[in-house]
Amino acid sequence: MEILQPLVKRITLYGQKVEVIGVFSKQGNSTFDNSTDNQVVIPINFARNFIDLKNERSGSTIVVKAKKNVTNEELIDELTGIMRSVRKLKPSAENNFAINETSIITKGFDSLFRVIAIVGWIIGGFSLLVGGFGIANIMFVSVKERTTIIGIQKSLGAKRYFVLLEFLFEAIFLSLIGGIVGLLIIYMATLVISYSFDMKLILTQGNIILGLGVSMFIGLVAGLFPAFTASRLNPIEAMRSTF
């Protein structure tokens with residue numbers, strides 16, 4: 001939070017004249033719809049005149065930042081000793097205060113998003129399974145409708161691997177088109193969420209590569225058996241097929 005140039009201005013706070021020494025830069029609403037733009041920071045000794053700091057409802061909090069070359073563990077150990085001394089706690093007594101780190105909140109969010117990711121993979125797995133069966137069904141229909149063409153190709157000297165690769169490429173391309181459409185929908189969703197909420201979502205290059213790779217793999221697996229079936233067709237029997 002950046003402090004702008006101080007203002008030479010006096011205001012009245014709880015009937016007492018105070019001098020404004022600085023103004024914080026505007027931050028806007030946070031992710032949880034909280035804003036620090038309407039907050040005022042005052043010295044603690046001045047706050048004692050109209051706030052009972054010992055009252056639990058006051059929600060008093062001390063924000064501390066470690067000096068350079070001082071680790072958070074060392075800072076926590078020193079703060080714990082200072083607070084126990086201030087609270088006059090016996091060595092065997094438990095702490096009646098809490099020391100939290102910003103990293104703890106971050107780890108909490110990481111755990112939450114990790115659970116969401118697992119649930120997403122489970123739901124996505126079922127979607128991929130259904131999509132794979134759909135592509136396999138399309139490829140079986142395609143093989144059946146093109147049986148005569150396959151027979152003509154093989155009678156003209158087309159090898160089994162050529163027919164196999166032809167249908168595999170078709171299945172992979174079909175699945176890849178679906179993956180691209182899905183990524184475009186996700187990209188539009190990230191734009192909507194980023195503009196609607198104070199939360200920046202980014203579709204990274206790694207996510208795009210992963211999505212396209214999974215799509216191609218599903219197409220490969222789904223089209224393998226239909227392509228193998230097409231490559232094993234007897235050219236004479238295939239040319240006799242009419243629809």
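## A tour by helix, pocket and loop

In this predicted model, α4 passes α5 in a right-handed crossing. Start there. Select residues 147-155 for helix α4 and residues 160-196 for helix α5. The two axes come within 10 Å and cross at roughly 145°.

Now show the side chains at this crossing. From α4, pick Ile150, Gln153 and Lys154. From α5, pick Arg160, Phe162, Val163, Glu166 and Phe167. Colour them by class: the contact of α4 with α5 has four nonpolar, one polar and three charged residues.

**Step back to the whole chain**

Switch to a cartoon of the full protein. Seven helices and two strands make up its secondary structure. Trace it from the N terminus: the order is β-β-α-α-α-α-α-α-α. Next, colour by accessibility. Of the 243 residues in the protein, 16% are buried. Contacts can be viewed by sequence separation, too. Take those between residues at least 6 apart in sequence: 55% of them join residues at least 24 apart.

**Helix α5 against helix α6**

Keep α5 selected and add α6, residues 205-231. Here the axes come within 7 Å, again crossing at roughly 145°. The crossing of α5 past α6 is right-handed. Colour this contact by class as well. Its residues divide into 18 nonpolar, six polar and one charged.

Before leaving this pair, select Leu201. Leu201 sits in the loop between α5 and α6. Is Leu201 buried, exposed or partly exposed? With a relative accessible area of 34%, Leu201 is partly exposed. That value falls in the band between the 20% limit for buried and the 50% limit for exposed. Set aside the neighbours within four places in sequence, and Leu201 is in contact with Thr190, Ile193 and Ser194. Draw a distance from Leu201 to Ala189, C-alpha to C-alpha. The two are twelve residues apart along the chain, and their C-alpha atoms are separated by 9.2 Å.

**Pro226 in α6**

Move along α6 to Pro226, which lies within that helix. Its relative accessible area is 1%. Pro226 therefore counts as buried, since the limit is under 20%. What does Pro226 contact, leaving aside its neighbours within four places in sequence? Select Ala136, Met139, Phe140 and Val143. For a distance check, add Leu164. Pro226 and Leu164 are 62 residues apart in sequence, yet 8.7 Å separates their C-alpha atoms.

**The second largest pocket**

Turn on a pocket surface and go to the second largest pocket. About 1,200 Å³ of space lies in it. Which residues lie nearest the centre of this pocket? Select Gly120, Trp121, Leu183, Ile186 and Asn207. The full lining of the second largest pocket has 32 residues.

Now colour that lining by element. α3 (102-145), α5 and α6 each supply at least two residues. The largest share of the lining comes from α3, with twelve residues. Recolour by class. The lining of the second largest pocket then shows 17 nonpolar, 14 polar and one charged residue.

**Loops on either side of α2**

Leave the pocket for the loop between α1 (44-47) and α2 (72-87). Asn69 is found in this loop. Check its backbone. Phi of Asn69 is near 70°, a positive value in a residue other than glycine. Most residues other than glycine have a negative phi. Asn69 is exposed, with a relative accessible area of 72%.

Stay in the loop between α1 and α2 and select Ile62. Is Ile62 buried or exposed? The relative accessible area of Ile62 is 69%, so Ile62 counts as exposed, being over 50%. Add Ile99 and draw the C-alpha distance. Ile62 and Ile99 are 37 residues apart in sequence and 9.4 Å apart in space.

Finish on the other side of α2, in the loop between α2 and α3, where Lys88 is placed. Lys88 is not a glycine, yet its phi is positive, at about 55°. Its relative accessible area of 73% makes Lys88 exposed.

Note on methods
Residues are numbered from 1 along each chain as its sequence is written. This is a predicted model: local features need pLDDT of at least 70, side-chain atom pairs count only at pLDDT 80 or more; totals for chains, interfaces and linings use all residues. Side-chain values use heavy atoms; hydrogens and water are left out. Axes are lines fitted to C-alpha atoms, for helices over the stretch in contact, and angles run from 0 to 180 degrees between N-to-C directions. Helices (H or I, at least four residues) and strands (E, at least two) are DSSP runs, numbered from the N terminus. A crossing is left-handed if the near helix is turned anticlockwise from the far one by less than a right angle, and right-handed if clockwise. Contact means heavy atoms within 4.5 Å. Ala, Val, Leu, Ile, Met, Phe, Trp, Tyr, Cys and Pro count as nonpolar, Asp, Glu, Lys and Arg as charged, and the others, Gly among them, as polar. On a 1 Å grid over the protein atoms alone, a cavity is a set of points where a 1.4 Å probe fits but cannot get out, and a pocket is an open set with protein on both sides within 12 Å along at least five of seven lines; lining residues have an atom within 4 Å of a point. Grid points are joined across faces, edges and corners, and a volume is the space filled by probe spheres set on the points. Buried means under 20% relative accessible area, exposed over 50%, partly exposed in between (1.4 Å probe, protein chains only).
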